[in-house]
Amino acid sequence: MTAPGPTSLEARALDALRRAYAPYSKFRVGAAVQMSGETFDGANVENASYGLAICAERTAVFAAVIAGAHRLEAIAVCTEASPPSSPCGACRQVLLEFAPDPAAVTVIAINPRGERRTWTLAALIPDGFSGRELP
Ligand code: THU
């Protein structure tokens, strides 16, 4: 028996990692989101003014939203970390914004060595701020 290969979402995240712009941290991140049935890629993009860096997860989600896809179904994130690194808190909050059912959203973290971790979004951001409290 061989281990199962990467899903297409994982393959897209791995490919996106190669397009990361991370000359400062050298921590390249690729992401692929499935939103409203379509897949969108993202990668982290850094800046000489360090605080302007944006994470891979958010570039992927924003690409989806700009294309009109608002319903988050799954996300794969690829880093070179071992074990694979999970989305930061800011990205978890952005993912939650577009998740009608956080318990039904699969979050997959992988690395090029084939290691994999999975969660639901609900597990990564329990009792998150959804905006329902807003006036
Ligand atoms: N980064 C991501 O792209 N996603 C995360 O969830 C965590 C961090 C990026 C931001 C920055 O370019 C580099 O990784 C180091 O923090």
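Ser-36, at 30% relative accessibility, counts as partly exposed, a label given to residues between the buried class (under 20% relative accessible area) and the exposed class (over 50%), as judged with a 1.4 Å probe on the protein chains only. Ser-36 is found in the loop between E1 and E2; helices (H or I, at least four residues) and strands (E, at least two) are DSSP runs, numbered from the N terminus. The phi angle of Ser-36 is near 50°, a positive value in a residue other than glycine. Most residues other than glycine have a negative phi, and most peptide bonds are trans. The model is predicted, with local features requiring pLDDT of at least 70 and side-chain atom pairs counted only at pLDDT 80 or more, while totals for chains, interfaces and linings use all residues. Residues are numbered from 1 along each chain as its sequence is written, and side-chain values use heavy atoms, with hydrogens and water left out.

Two further places are worth a look for their backbone. Asp-127, in the segment after H4, has a phi near 55°, again positive in a residue other than glycine. With 84% relative accessibility, Asp-127 counts as exposed. In the loop between E3 and H3, where Pro-83 lies, a cis peptide bond joins Ser-82 and Pro-83, with omega at about 0°.

The same loop between E3 and H3 also holds Pro-84. Is Pro-84 buried or exposed? Pro-84 is buried, because its relative accessible area is 2%. Leaving aside neighbours within four places in sequence, Pro-84 is in contact (heavy atoms within 4.5 Å) with Thr-79, Ala-109, Ile-110, Asn-111, Glu-115, Arg-116 and Arg-117. Pro-84 and Thr-118 are 34 residues apart along the chain, and their C-alpha atoms are separated by 9.7 Å.

Now to the sheet. Five strands form an open sheet in the order E2-E1-E3-E4-E5, with mixed pairing; two strands pair if DSSP finds at least two bridges between them. At the edges stand strand E2 (38-43) and strand E5 (116-120), each of which pairs on one side only. From one strand to the next, the twist averages 15°. Axes here are lines fitted to C-alpha atoms, for helices over the stretch in contact, and angles run from 0 to 180 degrees between N-to-C directions.

Strand E1 (residues 30-35) runs antiparallel to E2, and six bridges join the two. Within this pair, Val-33 stands opposite Phe-40 in E2. Helix H2 (residues 56-66) packs on the sheet and touches E1, E2 and strand E3 (72-78), with a direction that makes about 140° with that of E2. E3 and E4, by comparison, pair in the parallel sense over five bridges, and Ile-75 has Val-107 as its bridge partner in E4. Strand E4 (residues 106-110) is mostly covered, with four of its five residues buried.

One residue of helix H2 is Ala-63, which counts as partly exposed because its relative accessibility is 29%. Apart from neighbours within four places in sequence, Ala-63 is in contact with Phe-40 and Asp-41. How far apart in space are Ala-63 and Arg-113, C-alpha to C-alpha? The two are 27 Å apart, with their places 50 residues apart in sequence.

Other helices have residues hidden from the surface probe. In helix H3 (residues 89-97), Cys-91, Arg-92, Val-94, Leu-95 and Leu-96 are buried, and what covers the buried residues of H3 includes H2, E3 and helix H4 (121-124). Glu-10, found in helix H1 (residues 8-17), is buried, with a relative accessible area of 3%. Not counting residues up to four places away in sequence, Glu-10 touches Ala-76, Ile-108, Ile-110 and Arg-116.

Finally, the pockets. Rolling a probe the size of a water molecule over the atoms shows where empty space is left. On a 1 Å grid over the protein atoms alone, a pocket is an open set of points where a 1.4 Å probe fits, with protein on both sides within 12 Å along at least five of seven lines, and lining residues have an atom within 4 Å of a point. The largest pocket has a volume of about 210 Å³, where volume is the space filled by probe spheres set on the points. Its lining has 13 residues, of which Leu-96, Ala-99, Pro-102, Ser-130 and Arg-132 lie nearest the centre of the pocket.
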